[in-house]
Structures are given as C-alpha cells and as structure tokens.
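Let's take a walk through this structure together, one piece at a time. Keep the 3D view open as you read.

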Amino acid sequence: MSLEGKVAVVTGSTRGIGRAIALALIDQGIAVVISSRRQHDVDRAVKECRRREKGKVAGLACDVREYRQVQRLMDFAVREFGGLDILVNNAGVSTTASVADLKPEEWQEIIDTNLTGVFYCCHEAIPKMRSRGGGYIINIGSLAGANAHPTMAAYNASKFGLLGFSEALFQEIRYDGIRVSHIMPGSVETDFSAGGTDRSGWAILPEHIADMVVYLLKSPPRTMSTRIEMRPAKPRRR
Ligand SMILES: NC(=O)c1ccc[n+]([C@@H]2O[C@H](COP(=O)([O-])OP(=O)(O)OC[C@H]3O[C@@H](n4cnc5c(N)ncnc54)[C@H](OP(=O)(O)O)[C@@H]3O)[C@@H](O)[C@H]2O)c1
C-alpha cells in the first residue's frame, strides 16, 4: 500500500524513537509534522528532516500535557498539509523511584504525558481522520505496560493505562476506518532512561520501531494488529 501523500503527526519526534519514526515516514513520502516541547529542538529536527529526498515536513512545539497546545498542533497539520491521516503517540517520560520517594509532581508529569496526552491527541485527531474517511493511530506503549517492576510504579501505571486505552479505542473507531495499533517495546537504545540505555549492542534500535510502524501502516486494510510486543532478541543475561 502506498503511503505517499498521507499526513502524519508524530509526538515527541525531536529525538529517540519519535525521530526515527518521523524519518521513516518521510522516506515513505508522507508529510510529517514534527513536535516536542521546545520550538528550537523542533526547528533543528525539521531542518534535519528536510535533507531527505522524499516527503514534506513541518514542525510545531507542543507539550502534550496542554490541551490547547494539542488542539493547535492538530489544526497546524491540517493547515500545513490539508488533513490528518496518521497519528503516532510517541512522546513519553519516565523516572525510577519507590512510591514512598516519588514526588507528586513527578507522578503527575508521567501520567499527564504518557496517558492524558495521548487522550488529548486522539480526541483532537479522530474527527479530522473521520472527515478523511479513515486513518491510523499508533500508540507507543511499553513492555512495562504489561509487566510491573519495583521503582517503576508511575511508569507502569501510565503504560498499563495506555494499553487499556488503546484496546478500548480500537473497538470504538474501527468502523470509522481508523485502525489502532499499540507497540510495546522492550529496551530501546535511546537516552530515555535516567541512567541511559545499555549500548553494548543487544537493545532494540529506534529504527527497528520505525520499521514496525511502516510495516503496520502498509498492512492490508482488512487487518489490524492491535498489540505488538517487541523484545530484544538476546537481552543481556541477568
Ligand atoms: N527507550 C526505551 O527503552 C523505551 C522502551 C519502551 C517504550 N518506550 C517509549 O517510547 C517512547 C519514546 O521514548 P524514547 O526512548 O525515544 O525517549 P526520548 O529519547 O527521551 O524521547 C522522548 C521524546 O518525547 C518528547 N517529550 C517528552 N515529554 C513531552 C511532552 N510533555 N510533550 C511533548 N513531547 C514530549 C521529548 O522531547 P522534549 O523532552 O524535548 O519535549 C522527546 O522528543 C516513550 O513513550 C517511551 O515510553 C521507550
């Protein structure tokens, strides 16, 4: 299936997994809106993406925790490129601390970004996709959305919640021609975790997640892969 000419918003796309997804979509000829919290990071990422051969790119700063900013982002996509077909909810944050030590504002930031932000984005994107006759929403969850770990209660809660959200959502909007997939990666080589990811060669690369996103977008429209667990094939032995 050709993706040429489709329009996508990728949240949190100035670095890491989101950046890799944005680049992969641009290479498919998709017009991509890049976004994260700071405009200068967005401008830098847009400049980098414009060096690709195909696709179009534009960018706008958006903190997904702020509903008005999310509204502006989705309207921006329509203004720049004429509509919205694909939303990749990738922006995410984490921290590790026991429940007793975790500050209430850290809890709030994780839940607001990883869960409420996805609701805001879907809430704004769905009517725009309906008006195009369909679309695709891909949520970047985590294996931590199905496996709990000590010191990760806030992150676990946000990603377990996101899994439930995705699964309710696909049932709600499938008859509008909007597909929903939920990718649950294990460790990916980015600067996501406070201590940085182990770069000794076993972790998933951001490009591998991007390949999965393209694969899903190209999958037969009669099918919908709802929950994808992506593990490192050979994680470091404990
Ligand atoms: N890396 C892993 O091992 C791993 C594993 C499983 C799942 N994931 C998930 O994959 C996603 C991407 O992670 P990553 O590893 O690529 O992390 P990353 O390198 O830290 O990138 C996160 C991106 O999200 C943006 N962001 C953070 N808070 C935001 C907010 N409130 N509004 C808008 N953008 C925001 C960041 O930009 P600013 O901070 O500059 O705004 C950045 O562009 C996350 O949802 C994460 O939970 C990661």
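The paragraphs below go from the sheet to the helices and then to the ligand.

Before we set off, please bear in mind that this is a predicted model. A good place to begin is the sheet, which is open and built from 7 strands. Reading across it, you meet them in the order S3-S2-S1-S4-S5-S6-S7, and their pairing is parallel. At the edges stand strand S3 (57-59) and strand S7 (227-230); each has a single partner strand, so one side of each has no neighbour in the sheet. As you step from one strand to the next, the twist averages 15 degrees.

For a look at one pair of strands, try S5 (residues 135-140) and S6 (residues 178-185). They pair in the parallel sense, with 6 bridges between them. Within this pair, Ile137 has Val180 of S6 as its bridge partner.

Now bring in the helices. Helix H1 (residues 16-27) packs on the sheet, where it touches strand S1 (7-10), strand S2 (31-34), S3, strand S4 (86-89) and S5. The direction of H1 makes about 170 degrees with that of S1. Helix H3 (residues 67-81) lies across S1, S2 and S3, and runs at about 150 degrees to S1.

The helices also pack on one another, and there is a simple way to describe this. Two packed helices are characterised by the angle between their axes and by the distance between those axes.

Take H3 and helix H4 (residues 104-130) to start with: their axes are 9 Å apart, and they pack at an angle of about 30 degrees. Angles under 35 degrees count as roughly parallel, so H3 is described as roughly parallel to H4. Their crossing is right-handed. On the H3 side, the contact is made by Tyr67, Val70, Gln71, Met74 and Val78, and on the H4 side by Tyr120, Cys121, Glu124, Ala125 and Lys128. Sorted by class, this contact of H3 with H4 has 7 nonpolar, 1 polar and 2 charged residues.

H4 has another helix to meet, namely H5 (residues 153-173). The axes of H4 and H5 come within 8 Å and cross at roughly 15 degrees, and these two helices are therefore roughly parallel to each other. Here, too, you will find a right-handed crossing. Among the residues that make the contact are Trp107, Ile110, Leu115 and Phe119 of H4, along with Tyr155, Leu162, Phe165 and Leu169 of H5. The contact of H4 with H5 divides into 15 nonpolar, 3 polar and 2 charged residues.

Return now to H1, and look for helix H6 (residues 206-218). The axes of H1 and H6 come within 8 Å and cross at roughly 45 degrees, which makes H1 oblique to H6. The crossing of H1 and H6 is right-handed. H1 contributes Gly16, Ile17, Ala20, Ile21, Leu23 and Ala24 to the contact, while H6 contributes Pro206, Glu207, Ile209, Ala210, Asp211, Val213 and Val214. By class, the residues of this contact of H1 with H6 divide into 10 nonpolar, 1 polar and 2 charged.

The last stop is the ligand. Which residues are closest to the ligand? They are Gly12, Gly16, Arg37, Gly92 and Phe192, out of 29 residues that surround the ligand. You have already met Gly16 in the contact of H1 with H6. H1 gives the most to the shell around the ligand, with 3 residues. The shell as a whole divides into 9 nonpolar, 13 polar and 7 charged residues.

Notes. Residues are numbered from 1 along each chain as its sequence is written. This is a predicted model: local features need pLDDT of at least 70, side-chain atom pairs count only at pLDDT 80 or more; totals for chains, interfaces and linings use all residues. Two strands pair if DSSP finds at least two bridges between them. Helices (H or I, at least four residues) and strands (E, at least two) are DSSP runs, numbered from the N terminus. Axes are lines fitted to C-alpha atoms, for helices over the stretch in contact, and angles run from 0 to 180 degrees between N-to-C directions. Two residues are in contact if their C-beta atoms, placed from the backbone, lie within 7 Å. Angles under 35 degrees count as roughly parallel, over 145 as roughly antiparallel, 65 to 115 as roughly perpendicular and the rest as oblique. A crossing is left-handed if the near helix is turned anticlockwise from the far one by less than a right angle, and right-handed if clockwise. Ala, Val, Leu, Ile, Met, Phe, Trp, Tyr, Cys and Pro count as nonpolar, Asp, Glu, Lys and Arg as charged, and the others, Gly among them, as polar. A residue is near a molecule or strand if its C-beta atom, placed from the backbone, lies within 6 Å of it.
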